[in-house]
Amino acid sequence: MAKSGFKRTNHGSYYIISPSGEKIYIDRSDDRKDMWTAGGRFYSRLDEAKADVISRIEAGDGFYSRGGLTTKQYVNPVTIIDNRKNK
């Protein structure tokens, strides 16, 4: 798996799909300026973050498959009803 496996999103972050099928995102840090974050870790350079993520996936240590990323679970889906009068 090479660094070229990363794809860029519309809002400037990068992601790669692990062999287990989950997306692993690398985003700019909100807390620390000029830093990148992936899986709760901070990196000073983007290529450093990409290399670490790939090495963790290739090592198969299970970091990302056992909860390294937060997944959003929806408890109650919202139904939107249009209550405007039909004219």
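## A short tour from Thr9

Select Thr9 to begin: if you skip its neighbours within four places in sequence, Thr9 is in contact with Tyr15 and Tyr25. Keep in mind as you click around that this is a predicted model.

Where does Thr9 sit? You'll find Thr9 in the loop between β1 (7-8) and β2 (14-17). Now turn on the surface. Is Thr9 buried or exposed? Its relative accessibility is 15%, and buried means under 20%, so Thr9 counts as buried.

Next, select the two tyrosines that Thr9 touches, Tyr15 and Tyr25. The structure holds two aromatic pairs, and Tyr15 with Tyr25 is one such pair. To describe a pair of aromatic rings, you give the distance of the centres and the angle of the planes. For Tyr15 and Tyr25, that's 5.7 Å centre to centre and 45° between the planes, which makes the pair tilted.

Colour the strands now. Tyr15 lies in strand β2 and Tyr25 in strand β3 (residues 23-28), so their pairing ties together parts that are ten residues apart in sequence.

How do these two rings compare with the surface on? Tyr15 is buried, at 17% relative accessible area, while Tyr25 comes out as partly exposed, at 32%.

Stay on Tyr15 and add Lys23: this lysine lies over the face of the Tyr15 ring, 4.6 Å from the ring centre.

For the last stop, select Tyr14 and Lys50. Which residue lies over the face of Tyr14? That's Lys50, at 4.5 Å from the ring centre.

Notes:
Residues are numbered from 1 along each chain as its sequence is written. This is a predicted model: local features need pLDDT of at least 70, side-chain atom pairs count only at pLDDT 80 or more; totals for chains, interfaces and linings use all residues. Side-chain values use heavy atoms; hydrogens and water are left out. Helices (H or I, at least four residues) and strands (E, at least two) are DSSP runs, numbered from the N terminus. Buried means under 20% relative accessible area, exposed over 50%, partly exposed in between (1.4 Å probe, protein chains only). Contact means heavy atoms within 4.5 Å. Rings of Phe, Tyr and Trp (its six-membered ring) pair if their centres lie within 6.5 Å; planes under 30 degrees apart count as stacked, over 60 as edge-to-face and the rest as tilted. A charge sits over a ring if NZ of Lys or CZ of Arg is within 6 Å of the ring centre and within 35 degrees of the ring normal.
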